[in-house]
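Hi,

Here is the structure I promised to pass on. Have a look at it first, and my notes on what turned up are underneath.

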Number of protein chains: 2
Amino acid sequence: MRVLELARKRRSIRKYSAKPIPLENILYAIETALQAPSGANRQPWRFIIVNDPDIKMEIRKTAESWERKLHESDSTPEWFRKWLRERGITWRKEFLTTAPYLIVVIADKRAPYSRESVWLAVGYLLLALEEKGLASLTYTPTNPRAIASILGVPEYYTLETIIPVGLPGEDKVKEPRMRLEEAVYFNRWGSRRD
Amino acid sequence: MRVLELARKRRSIRKYSAKPIPLENILYAIETALQAPSGANRQPWRFIIVNDPDIKMEIRKTAESWERKLHESDSTPEWFRKWLRERGITWRKEFLTTAPYLIVVIADKRAPYSRESVWLAVGYLLLALEEKGLASLTYTPTNPRAIASILGVPEYYTLETIIPVGLPGEDKVKEPRMRLEEAVYFNRWGSRRD
């Protein structure tokens with residue numbers, strides 16, 4: 001399948017089937033991510049594959065306690081509350097325990113452009129998961145350090161995202177995307193034509 | 001071709017042939033990037049396609065003046081100097097004028113996780129370019145704002161990377177990558193086995 005078709009097909013999935021999936025496919029996607037370029041080729045990434053039910057539950061409890069604060073906070077902007085409401089997204093993060101695997105993505109702060117490099121690699125990872133017919137979500141916890149601590153991640157690494165992976169437990173249409181003409185300028189900001 | 005094979009094949013190219021390439025392929029890659037997920041689906045990206053020789057030269061001159069300062073600065077760490085030296089990378093950035101196209105990638109600072117989202121989309125972009133047989137590099141200028149100003153990018157947007165695109169003007173082996181066993185832990189930091 002062409003890369004564009006894979007990219008078009010992929011949607012962010014928040015409900016997962018508990019049906020097991022082969023670890024091999026998770027490893028395939030990480031192997032793909034490892035091929036990404038990075039600042040000075042420092043490859044500032046580590047991936048923790050979590051499938052232990054107790055650890056998943058601990059991650060979920062911690063994530064939810066912080067999410068709850070966020071969802072109840074007055075400082076959360078109204079447009080964002082509305083966006084969450086329309087999608088039925090609450091502070092509950094069931095996917096952290098129902099998805100058979102979580103891929104926890106870690107960046108080495110000491111490397112140049114570590115955040116940028118790691119997220120580029122996440123792009124590779126998502127397309128490889130889609131190719132294997134696996135659903136995913138790039139979940140960014142409100143307090144990444146609290147979850148990093150559960151996993152024993154050293155201080156000079158940051159937890160960038162937790163990606164639940166499994167078979168979809170919901171049917172979803174892709175959220176609309178910008179058209180090319182809206183996102184592209186030629187030679188100068190605001191210039192629509194070549 | 002499988003995503004893993006595309007990812008394996010791609011290498012960062014710093015020397016470009018001046019041979020023209022179809023704009024259509026650049027648009028294909030950006031169309032792919034537009035499919036990426038983003039924080040609250042804000043799609044905080046814009047892409048400026050630059051092929052005007054005068055603008056490319058202005059970008060190059062500005063980029064090089066800042067690169068020169070960086071390369072001559074005492075505060076540049078020795079490991080990084082060595083890395084640059086071994087690869088013959090100097091402050092000169094010929095690729096900014098020789099590559100037929102530059103894709104300037106812009107992030108909207110006002111959106112949540114804008115940097116993360118944009119770099120994830122860059123991952124999509126690079127694989128789509130590779131699929132079209134096009135060489136690329138994620139060049140991060142030393143002073144992104146100086147270049148953003150040339151292009152008229154508003155203050156609340158950041159220039160994240162400039163991606164030269166074209167046919168390769170050099171033959172390169174891929175820089176070595178970590179093995180899966182080095183990059184992956186199971187259930188806890190440092191734990192190598194499932």
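Before the strands come up, one bit of vocabulary: two strands are said to pair if DSSP finds at least two bridges between them. Also keep in mind that this is a predicted model.

With that in hand, strand 1 (residues 45–50) of chain A pairs with strand 5 of chain B, in the parallel sense and over three bridges. If you want a spot to click on, A:I49 has B:F186, in strand 5 of chain B, as its bridge partner.

Now the two chains as a whole. Chain B superposes on chain A after a rotation of 180° with 0.0 Å of shift along the axis, and the RMSD is 0.0 Å. The two copies are thus related as by a two-fold rotation axis. And which surface do they use? 100% of the interface residues of chain B are also interface residues in chain A, so the copies meet through the same surface.

How much is in that interface? In terms of contacts, 74 residues of chain B touch 74 residues of chain A. The size of an interface is often given as the accessible area lost when the parts come together. Here the area buried between chain B and chain A is about 6,800 Å², with carbon and sulfur atoms giving 62% of that. On the chain B side, B:Q35, B:N187 and B:W189 lose the most area to chain A, together 12% of what that side buries.

On to the polar side of things. Across the interface of chain B and chain A there are 44 residue pairs in polar contact. Several elements of chain B each supply at least two residues to the side that touches chain A, among them helix 2 (23–33), helix 6 (114–131) and strand 5 (184–186). Helix 6 of chain B gives the most, with 11 residues. By class, that side of chain B has 45 nonpolar, 11 polar and 18 charged residues.

Side chains of opposite charge can pair when their charged atoms come close. Between chain B and chain A the count is four salt bridges; one of them joins the side chains of B:R115 and A:E116, at 3.7 Å from N to O. Over all chains, the whole structure has 29 salt bridges. For one inside a chain, try A:K82 and A:E86, whose side chains meet at 3.0 Å, N to O. These two are four residues apart in helix 4 (residues 78–86) of chain A, so about one helical turn separates A:K82 from A:E86.

Cheers

How values were computed: Residues numbered from 1 in each chain as written. Chains lettered and ligands numbered in written order. Predicted model: local features only at pLDDT ≥ 70, side-chain atom pairs only at ≥ 80, totals over all residues. Heavy atoms only, no water. Least-squares fit on C-alpha atoms with pLDDT ≥ 70 in both. Contact = heavy atoms within 4.5 Å. Buried area = accessible area lost by both parts, 1.4 Å probe. Polar contact = N/O pair within 3.5 Å; in protein donor to acceptor, adjacent residues only side chain to side chain. Nonpolar A, V, L, I, M, F, W, Y, C, P; charged D, E, K, R; others polar.
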